[in-house]
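The following exercises concern the reading of a protein model. Each task is followed by a solution set out in steps.

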Amino acid sequence: MTEILFLLLLAVGLGWPLGHYLARVMRGGAAPLDAVFLPVERVIYRVLGTDPATGMTWRGYAKAFALSNLVVGVIVWVQFMTQAWLPLNPDGIPNMRWDTALHTMVSFLTNTNQQHYSGQSQLSYLSQMVGIVGLQVVTPMMGLAIAVATLRGLCGKPALTPTPLPHAGEGLSSPSRAVAGLSSPAHAGEGLPSQDRDLGNYWVDVTRATLRFMLPLCLLWSALLTWQGVPATLEAGPAVAPVDASAELKEQKIPLGPVSPMVAAKQLGSNGGGWYGPNSTVALENPTPLSNLIEMLGIVLIPVAITFMVGPLTGRRRLTAMVFGTMLLMSAASTGLSMWSEAHSATASDPAVMEGKEVRLGVSSSALWSAITTQVNNGSVNAMHDSMAPLTGGVAMVNMLVNAIWGGVGCGLQQFIVYLVLSVFLAGLMTGRTPELFGRKLEAPEVRLLALLILLQPLVVLGFSAVTLAIPSITGNSNPSFHGISQVFYEYTSAFANNGSGFEGLGDATYWWNLSCAVVLALGRFPALIVPLAIAGLLARKRVAPESRGTLHVETPTFALTLVAVVVILTILQFTPALVLGPIADHLTLAQ
């Protein structure tokens with residue numbers, strides 16, 4: 001309990017100022033350290049060929065997001081398949097097979113970091129540093145940019161660029177001006193109906209968030225982890241003799257590399273993919289109790305900071321309280337159930353449950369990590385989730401099905417907005433009023449998009465799980481019983497939630513798993529980001545209705561509880577059969 005409270009206090013204490021700083025960065029205008037960052041930003045804008053004073057509609061913003069992902073994805077995919085011929089490969093790592101390279105590229109491009117490979121033996125230093133860490137830094141900021149643009153559309157707040165002229169288009173231009181002086185009139189986001197709004201400049205949002213927020217944090221976390229003993233070197237690992245002289249292995253090579261920068265990026269960016277295959281269970285990647293705390297804090301810090309960013313960015317201070325309070329309530333319930341399940345449930349005393357756990361860290365720390373890494377779309381582990389008590393694994397699955405307890409950087413807030421809009425729609429139906437969000441009516445086009453997104457999760461996750469379990473030759477699970485169902489269901493749930501953790505008893509390094517998971521990864525990432533942006537873009541075109549006595553206020557405890565009920569009904573009840581056949585049946589079997 002002490003560790004949980006201390007972690008929460010640190011996250012809130014650091015997240016509050018970070019959230020306000022992030023809001024200032026994303027609003028534009030004068031900001032701290034402009035003298036350092038502005039010259040670098042101007043060079044980046046010239047290379048990208050973008051005018052930072054040119055805004056975008058939601059369509060233009062989405063197209064820029066898709067284009068950046070396509071270009072970066074192709075480059076990284078090619079790098080993985082040619083790494084043997086590239087520099088910084090002191091251990092002579094061979095090229096990656098095309099399907100494994102494709103899955104790895106899509107996995108890291110979608111901010112998921114689901115690993116069907118072991119990094120220390122299948123990726124060169126260059127692939128780790130450029131392909132993996134590069135995506136771990138940039139892709140969270142892409143998601144954050146989309147979330148910020150969505151908030152601008154929903155709340156009608158000024159973007160980084162000036163108010164556009166009254167015409168629709170993918171790019172909305174205005175006279176160029178100094179980046180440091182970007183501002184917008186107070187009426188931005190209002191105006192004529194059926195007019196596409198300026199939601200900001202995608203390239204500016206990603207650049208500012210990366211340079212001014214993500215990279216400085218990664219540098220700090222990397223220094224802290226190096227201080228704790230996480231390797232940070234470009235030299236090849238040493239070869240040592242095994243301690244047991246009678247072992248058949250006469251010499252063992254210790255894999256090293258620039259590990260601490262990757263671990264910093266993996267935790268802060270809700271990424272999760274480790275330098276080593278067993279992730280933060282490896283002593284080199286997580287050597288001390290303090291490094292364990294630093295890494296857990298890194299998992300939750302930016303998602304908490306983003307909740308504190310919402311109020312200052314939108315001008316709706318009470319919205320921050322509603323978002324933070326709702327997420328905190330769901331987080332407390334999930335964490336408490338995980339800790340109880342792992343320490344006090346009927347299966348917790350089974351000696352087999354200790355397999356796969358680090359005794360130097362302890363059961364409670366393993367359970368806490370498993371809770372927060374799935375509440376956030378992080379997916380890193382300090383114990384094997386396949387070895388957790390069945391109900392602990394079930395809680396992890398529910399966390400990923402909800403996908404908005406804290407959520408990943410940007411994408412967690414997007415999923416929360418989906419639940420918010422749906423709750424407003426249902427509340428409007430129950431009260432017999434036309435649903436409105438922030439004074440703008442929810443109508444058929446927005447509801448159709450919302451329904452499409454809500455139906456996508458069960459269709460994809462349950463559909464792929466059913467196909468995989470129906471064909472034993474492609475399943476690859478190590479347990480044919482209820483736990484085997486959990487292994488398959490967990491893998492697709494993790495992929496769709498952009499989490500990346502897994503039940504590692506699954507043999508997933510096959511063509512079927514690589515290709516099917518690549519599809520699920522993409523379907524779980526891009527619609528979940530773009531559809532809420534489209535809804536916000538459509539709402540931004542509408543006039544704001546004057547507030548009346550019948551206006552639904554979303555920044556209230558009553559509405560927050562309504563939202564939680566919607567989350568429970570949508571994400572837990574509809575997956576109850578799968579959970580009963582998997583972790584619940586597994587628990588009942590072991591508890592007999």
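**Exercise 1.** Which residue follows H8, and what is the sign of its phi?

*Solution.* The model is a predicted one. The residue that follows H8 is Ser270, and its phi is positive, near 50°.

**Exercise 2.** Determine whether H8 is enclosed or open, and identify what covers its buried residues.

*Solution.* Step 1: a residue is buried if its relative accessible area is under 20%. Step 2: nine of the ten residues of H8 are buried, so the helix is largely enclosed by the rest of the structure. Step 3: the buried residues are Val259, Ser260, Met262, Val263, Ala264, Ala265, Lys266, Gln267 and Leu268. Step 4: the cover over these residues includes helix H6 (125–155), H7, H9 and H11.

**Exercise 3.** Compare the span of helix H11 (residues 363–375) with its expected value, then describe its surroundings.

*Solution.* Step 1: the expected span is 1.5 Å times one less than the number of residues. Step 2: for the 13 residues of H11 this should give 18 Å, and the C-alpha atoms at its ends are 18 Å apart, which agrees. Step 3: eleven of the 13 residues are buried, so H11 is largely enclosed by the rest of the structure. Step 4: among these buried residues are Trp369, Leu368, Ile372 and Gln375. Step 5: helix H1 (2–27), helix H8 (259–268), helix H9 (289–314), helix H10 (317–344), helix H12 (390–402) and H16 are included in what covers them.

**Exercise 4.** Classify the ring pair formed by Phe464 and Tyr492, and state where each residue is located.

*Solution.* Step 1: ring centres must lie within 6.5 Å for a pair, and planes under 30 degrees apart count as stacked, those over 60 as edge-to-face and the rest as tilted. Step 2: by this rule the count comes to 14 aromatic pairs. Step 3: the ring centres of Phe464 and Tyr492 are 5.6 Å apart with the planes at 40°, so this pair is tilted. Step 4: Phe464 belongs to helix H14 (residues 444–470) and Tyr492 to helix H16 (residues 482–496); the two residues are 28 residues apart, and the pair links distant parts of the chain. Step 5: Phe464 is partly exposed at a relative accessible area of 21%, whereas Tyr492 is buried at 0%.

**Exercise 5.** Which residues form one aromatic cluster, and which residue lies over the face of Tyr511?

*Solution.* Step 1: the cluster is formed by Tyr61, Phe65, Tyr202, Trp203 and Phe526. Step 2: Arg97 lies over the face of Tyr511, at 4.3 Å from the ring centre.

**Exercise 6.** Characterise the environment of Arg525.

*Solution.* Step 1: Arg525 is placed in helix H17 (residues 511–540). Step 2: its relative accessibility is 1%, so Arg525 counts as buried. Step 3: leaving aside residues up to four places away in sequence, Arg525 touches Leu109, Thr110, Asn111, Thr139, Gly143, Cys411 and Asn498. Step 4: the C-alpha atoms of Arg525 and Ala497 are 7.7 Å apart in space, while the two residues are 28 residues apart in sequence.

**Exercise 7.** Locate Asn113 and Phe438, and state the phi value and accessibility of each.

*Solution.* Step 1: Asn113 lies in the loop between helix H4 (98–109) and helix H5 (119–122). Step 2: although Asn113 is not a glycine, its phi is positive, about 65°. Step 3: Asn113 is buried, with a relative accessible area of 2%. Step 4: Phe438 is found in the loop between strand S5 (436–437) and strand S6 (440–441). Step 5: the phi of Phe438, also a residue other than glycine, is positive and near 55°. Step 6: Phe438 counts as buried at 13% relative accessibility.

**Exercise 8.** Assess the overall dimensions and packing of the protein chain.

*Solution.* Step 1: the protein chain has 19 helices and six strands. Step 2: a compact globule of 592 residues would have a radius of gyration near 25 Å, and the protein chain has 24 Å, which agrees. Step 3: along the principal axes, the C-alpha atoms fill a box of roughly 80 × 55 × 45 Å. Step 4: buried residues make up 58% of the 592 residues. Step 5: of the contacts between residues at least 6 apart in sequence, 80% join residues at least 24 apart. Step 6: the protein chain exposes about 22,200 Å², of which carbon and sulfur atoms supply 70%.

Methods: Residues are numbered from 1 along each chain as its sequence is written. This is a predicted model: local features need pLDDT of at least 70, side-chain atom pairs count only at pLDDT 80 or more; totals for chains, interfaces and linings use all residues. Side-chain values use heavy atoms; hydrogens and water are left out. Rings of Phe, Tyr and Trp (its six-membered ring) pair if their centres lie within 6.5 Å; planes under 30 degrees apart count as stacked, over 60 as edge-to-face and the rest as tilted. Helices (H or I, at least four residues) and strands (E, at least two) are DSSP runs, numbered from the N terminus. Buried means under 20% relative accessible area, exposed over 50%, partly exposed in between (1.4 Å probe, protein chains only). A charge sits over a ring if NZ of Lys or CZ of Arg is within 6 Å of the ring centre and within 35 degrees of the ring normal. The radius of gyration is taken over C-alpha atoms; the globule rule is 2.2 Å times the number of residues to the power 0.38. Contact means heavy atoms within 4.5 Å. Accessible areas come from the Shrake-Rupley method with a 1.4 Å probe; for residues, only the protein chains shown count as cover.
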